[in-house]
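Here are my notes after going through the model you sent. I've kept them as numbered points so you can check each one against the coordinates.

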Amino acid sequence: KTVQVDAGSKSYPVFIGDNTVTQLNGFIQTHLPECTKVLIITDETVAALHLQALQREITGFPVVSHIVPAGEHAKTFDVFYSCQSFALEEKLDRKSLIIALGGGAVGDLAGFVASSYMRGIPFIQVPTTILAHDSAVGGKVAINHPLGKNMIGAFYQPEAVFYETSFLRTLPALELRSGFGEVIKHALISDKDFYESLLNEIDELEKVPEKTWAVLLEKGILVKSKIVAKDEKEANVRAFLNFGHTLGHAIEAEMGYGNMSHGEAVVIGMLFALRLSKKKLQLDFSINNLEAWLQSLGYETKVPAHLKVDALIDRMKQDKKSVSGTIHFVLLDAIGNPVIVKMDEQELMEELHIFKGE
Ligand code: NAD
Ligand code: ZN
């Protein structure tokens with residue numbers, strides 16, 4: 001399966017399926033024939049599982065690898081600096097290529113390294129998580145600052161994305177849930193039939209066959225790529241991709257990164273946004289059905305009781321997507337039809353208390 005992404009500044013293919021990495025060497029030979037060196041950036045967990053398999057595929061070019069800590073620990077200034085130092089020591093030049101092998105954290109880091117090394121060298125994403133169907137497409141790359149997540153970054157599109165679905169076999173249940181949360185998001189903001197097919201057909205994430213993942217990833221990537229094609233730099237419709245994220249990000253931050261996965265926090269955020277959508281836009285939708293299904297898949301569906309409403313609201317106001325302190329929510333006036341609604345702080349506070357069961 002191939003999805004072509006047209007993101008204003010660049011158009012590039014996303015290859016999805018079993019054995020896609022076997023086409024990687026040929027792709028480099030055709031599209032970057034003068035490539036002088038390949039630097040694979042990956043994390044320690046993924047390196048142990050899949051680095052050799054990837055290295056074996058790149059036969060036509062010198063390859064070096066740099067291994068970084070797993071998870072958010074990859075997205076620090078120190079690790080960013082270590083990547084740049086490694087690239088300089090290895091004498092990468094403007095015709096060298098960086099490959100990101102890993103989940104969203106590695107993709108964000110390696111993409112930002114590529115965007116800034118010698119003012120920008122080519123990079124390719126080889127995503128290894130379900131969540132990365134979201135992060136590897138669209139060109140947002142970043143590291144974290146102690147004062148805020150993803151605060152230091154760029155818009156920088158890859159040359160291509162090779163989604164090797166056999167790499168997904170080693171994902172733990174928690175990571176499947178996190179990534180599948182974004183698949184649900186892509187369904188809810190785009191297409192009622194897509195949503196209903198998920199609801200009817202997916203009943204245990206660990207049992208979803210690789211072929212089905214390939215189909216779901218392709219659908220999710222199509223939704224994202226259509227939106228990015230209209231709005232690469234997030235001036236307007238790209239904001240729809242933040243459905244569930246306004247509260248989701250606040251929960252993630254208040255929990256402390258690593259204590260609740262991104263997608264699981266977004267799932268709670270989506271339930272809240274759906275509730276607001278019913279109230280403010282008369283959305284016709286059964287939240288109960290969705291909630292029961294999510295619980296059966298192992299998701300938490302309530303805001304953790306120890307998180308304070310005030311603190312969550314403060315976080316939402318700090319979000320870099322909110323403008324001068326007003327909180328904008330992505331709501332749905334129908335499944336597949338997102339709209340942006342400015343929320344009054346007082347009302348939001350009341351609704352959050354009710355949602356928390358307080
Ligand atoms: P991740 O890269 O931290 O991966 C999650 C965990 O799974 C890590 O511990 C990793 O080592 C492990 N892992 C990865 N692949 C594996 C495999 N095949 N088998 C076993 N273990 C594996 O994170 P993620 O959940 O993929 O992505 C989250 C990150 O993505 C966040 O930093 C978030 O900010 C970013 N993100 C970026 C965008 C964007 O548009 N750039 C969008 C959404 C999220
Ligand atoms: Zn997300």
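1. Let's start with the shell around ligand 1. Helices α2 (44-57), α4 (104-116), α5 (132-135) and α6 (173-188) each put at least two residues into it. The top contributor is α4, which gives four residues. Bear in mind throughout that this is a predicted model.

2. Which residues come nearest to ligand 1? Thr45, Gly103, Gly104, Ala105 and Ser135 do, out of the 30 residues around the ligand. By class, the shell holds 13 polar residues, 10 nonpolar ones and seven charged ones.

3. On the overall build: I see the protein split into domain 1 (2-170) and domain 2 (185-356). Their centres, taken over C-alpha atoms, sit 27 Å apart. In the contact between them, domain 1 puts in 26 residues and domain 2 puts in 19 residues.

4. Now the side of domain 1 that touches domain 2. Two or more residues come from each of β1 (2-7), β2 (10-17), α5 and β8 (148-155). Strand β1 has the largest share there, at four residues. The make-up of that side is 12 nonpolar, 10 polar and four charged residues. Note that α5 turns up twice in these notes: it supplies at least two residues of the shell around ligand 1, and it also gives two or more to this side of domain 1.

5. The largest nonpolar core is worth a look, with 101 residues. Inside it, the residues with the most contacts are Ile41, Ile98, Ile99, Leu109 and Val113. Helix α10 (residues 262-281) is the element that gives the most to this core, namely 10 residues. Both domain 1 (2-170) and domain 2 (185-356) are represented in the core, each with at least three residues. As background, nonpolar side chains in soluble globular proteins tend to be buried together.

6. If you want one residue of that core to zoom in on, try Ile99, which is on the list of those with the most contacts inside it. Leaving out residues up to four places away in sequence, isoleucine 99 touches Val38, Ile40, Phe123, Ile124 and Val126.

7. What about the global numbers? The secondary structure comes to 13 helices and 11 strands. The C-alpha trace spans about 60 × 40 × 35 Å along its principal axes. The radius of gyration is 20 Å, which agrees with the value near 21 Å for a compact globule of 358 residues. Buried residues account for 43% of the 358. Among contacts with a separation of 6 or more, 75% join residues 24 or more positions apart.

8. Two backbone spots to check by eye. Asparagine 19 is not a glycine, yet has a positive phi of about 75°. Asparagine 19 sits in the loop between β2 and α1 (24-31). Is this residue buried or exposed, given its C-beta neighbours inside 10 Å? Asparagine 19 counts as exposed because there are just 11 of them, and the cut-off for exposed is 12 or fewer.

9. The other spot is lysine 91, also a residue other than glycine with a positive phi, here near 60°. Lysine 91 belongs to the loop between α3 (77-89) and β5 (97-102). With 10 other C-beta atoms within 10 Å, lysine 91 is exposed.

Technical notes: Residues numbered from 1 in each chain as written. Chains lettered and ligands numbered in written order. Predicted model: local features only at pLDDT ≥ 70, side-chain atom pairs only at ≥ 80, totals over all residues. Near = placed C-beta within 6 Å. Nonpolar A, V, L, I, M, F, W, Y, C, P; charged D, E, K, R; others polar. Domains from an automatic or database assignment. Contact = placed C-beta atoms within 7 Å. Core = buried A, V, L, I, M, F, W, Y, C linked by C-beta atoms within 7 Å. Buried ≥ 20, exposed ≤ 12 C-beta atoms within 10 Å, placed from the backbone. Rg over C-alpha atoms; globule rule 2.2 N^0.38 Å.
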